[in-house]
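Open your viewer and get ready to click. Each stop says what to select and what is there.

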Amino acid sequence: MNIEKVIFGFFILLAFTLNFGFVIGEIDVAHQHDVFELFAAIVVNLIATTLKFGDRTQVGALHLATSLVADLQLITAALVWGHAEYVSGVGMTPGVTSMIVSFAAGALAANVVSVVLLIGETLQHRR
Amino acid sequence: MLRRLRAPIVMLIGIYAVAVLGLVLIPGVDSDGKPYHIDFFHAFYFISYTATSIGFGEIPHPFTYQQRLWVLLCIYLAVTGWAYAIGSIFGLMRDESLRKAIAYARFRRKVRRITEPFYLICGYGQTAKLLCKVLDDLDIRFVIIEQRQERVNDIALADFHYDTPCFAGDASNPEILQIAGILHPQCIGIVGITGNEDANLAIAISAYVMRPKLLSICRSRNQSVADNMASFGTNKVINLFETVGRKFARRLQQPAVAQLYDVLTDFPGNPITYEQSPPLGHWVIVGFGRFGGAVYKSLLAAGCSVSVIDPEPQPHIPAQDFTLALGVDAQALLKANIQNAVGLLVSHDNDANNLSALATARELNPHIFTVARQNLAHNHILFTAFKPNITSIRAQIIAHECLSAMENPLLADAIALIQHQSESWANALLPRIHQLSHGKVPEIWRIQLNAQNTTAVHAMLAQPVPPLQIRHYTHDALNHGDELRCLALLHRHAGQDTLLPELDTQLHFGDELLFIGDHHARIAHNAVQESISLLDYIRTGQEQPQSWIFRRLAQRQKDRRDAAIEQQID
């Protein structure tokens, strides 16, 4: 067992599951989507991105790309949230909520690709 | 590289996440005394300015005891995290391999962006230093590859006019030659003058394989390597000791021609020095290396008797002419019959021994003609103080040879012709050259009257009347009415070379001219080559109208004048 692979897989899966946990629920109901979960998802995604630095293979590049896409989408969701609460002051209306959740759902898609890549890579090296 | 920054970045993300999360979870008290929770946005804002030690204060309300306790912990954590991250980044930047990679990429980019013709110089020793200085003065660009890093640092301090791309690498590696621009369309020549014989040979081979038609100049110390280089099509192989020997032989046999040769291959702008020619008679050679050997042969060929002093036994020299000694003491010099000698050559590869032998010999025979070999350029002061009649400095000889091969191929041909001229011919020419640029070594340039020269196309093909003569080139196109200080040294017409062509020689399309003269003359000739109106001025002595309207007016006036003349005739 390679400890580096464990950490790598752990963060990628955790990023995926946290993202999934945030997205699940009615798309326009604010109380079904927890702000702490979004925060955790962003932090874990950033860490996952960092762990993917420096891999020069084709698969490594794709890994990094999916992670960057997920980061972008999740941070956008957080910015929309902050804008609605403190700048425009409209609060968590169904429209704003569905916008945030759909951004997070986009990140989820990227995270799914990441997990698929991870599994595919692992199966390739099966011995 | 990023792989090495993984740990600090992950650590920073972790510290920020924990700090922000803690701040959000710990309850605070607002101005009305009611409990509240800081939201994520403000928590992140607070941690960002606290962690970077900017510190705007506690917002939105003064903190409670619990919050302050947490923030205290966060400050120390975050500052440690930043210190670690910044330390890693700086450590990475100081990393030798990374710096090399950056230098490599920068060199490559600089070379690729060169838009003017340039030479590729491999090796930056004493010879290259001299050569680069002169090339820089002549506004010629170059790229340098040098094996040793400290010499590359010298280049940065050398203060060239242009930003000279230089790289610390092995020039015998074809990949490095390639990034240094050997395949660059603007590369006009490669010079292999590294201290390493094998590297020079490798450069000759690479140049031949990669760019067979490129001008290549390489230095060698022995004949077999020189022959090997020549077999690879190297245009000019400079065999140091052979060059020195040839030069010496020329001085013995044809002093005036040798003088002319020296002036033409010297660096432009240097004062012309008149060296005495060595006398014929009995000679003593101290130090019989390859240098001494070359001179020995030329002395024998000129009919001199020669005694040799060397610490190594030399089986090729007759025993009565040889003394086994270092040659720095009076005993050995006396045995070589120094009192009756006319000349002395000291050619150890050690400057201290050379100076010592020189001093002893001067005491024994004050009127002796002395030739000294100076090995290191920085011993110049010592040798100047001793005043040998001829000082032969290795680096300088090679730099001169390189320069004459680089400047233009026409000059090499001219010099080859000059060597077959008589002493009186050379003696007649020398004062004229001396006059040209007030006792300084003149500049040498070439004018090609071919299709690339638009003014030549105009003067030869479009409007061949009046015919262009060499005389016209002595008119100053920039200061009207003045004579240029220049001399046509060679005229090449249909493969036929003429030295010192007559002024009324008519020029034809495809001809080439080699001029010597001062800097102003060179600029004036360059201007003439680029402007048809200036060419017409030197050709007709009249300023030509440049714009369409003035040309029309001039034509009309001329027609009217012609008509008036015709009427008078009628």
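What share of the contacts in chain B with a separation of 6 or more comes from residues 24 or more positions apart? The figure is 67%. Keep in mind that this is a predicted model.

**Stop 1: the whole chain.** Select chain B. Its 570 residues include 47% that count as buried. Colour by secondary structure to see 22 helices and 18 strands. Now show the surface. Chain B exposes about 28800 Å², and carbon and sulfur atoms supply 55% of that area.

**Stop 2: a sheet.** Select strands 3 to 8 of chain B. These six strands form an open sheet, ordered 5-4-3-6-7-8, with parallel pairing. At the edges are strand 5 (166-168) and strand 8 (236-239) of chain B, each paired on one side only. From one strand to the next, the twist averages 15 degrees. In general, backbone hydrogen bonds hold paired strands of a sheet together.

**Stop 3: one edge.** Zoom in on strand 7 (residues 215-220) of chain B. Four bridges join strand 7 to strand 8 of chain B, and the two run parallel. Find Ser220(B): opposite stands Asn239(B), in strand 8 of chain B. Next, select helix 10 (residues 240-253) of chain B. Helix 10 packs on the sheet and touches strands 7 and 8 of chain B. Its direction makes about 80 degrees with that of strand 8 of chain B.

**Stop 4: the other edge.** Select helix 6 (residues 149-157) of chain B. Helix 6 lies across strand 4 (141-146) and strand 5 of chain B, at about 165 degrees to strand 5.

**Stop 5: one residue.** Select Gln259(B), in helix 11 (residues 255-265) of chain B. Is Gln259(B) buried or exposed? Gln259(B) is buried, because its relative accessible area is 5%, and buried means under 20%. Among the residues Gln259(B) touches are Ile272(B), Tyr274(B) and Leu430(B).

Methods:
Residues numbered from 1 in each chain as written. Chains lettered and ligands numbered in written order. Predicted model: local features only at pLDDT ≥ 70, side-chain atom pairs only at ≥ 80, totals over all residues. Heavy atoms only, no water. Buried < 20%, exposed > 50% of the residue type's maximum accessible area, 1.4 Å probe, protein only. Contact = heavy atoms within 4.5 Å. Areas by Shrake-Rupley, 256 points an atom, 1.4 Å probe, with all protein chains shown as cover. Pairing = 2+ DSSP bridges. Axes fitted to C-alpha atoms, helices over the stretch in contact; angles between N-to-C directions. Lists of a residue's contacts leave out its neighbours within four places in sequence.
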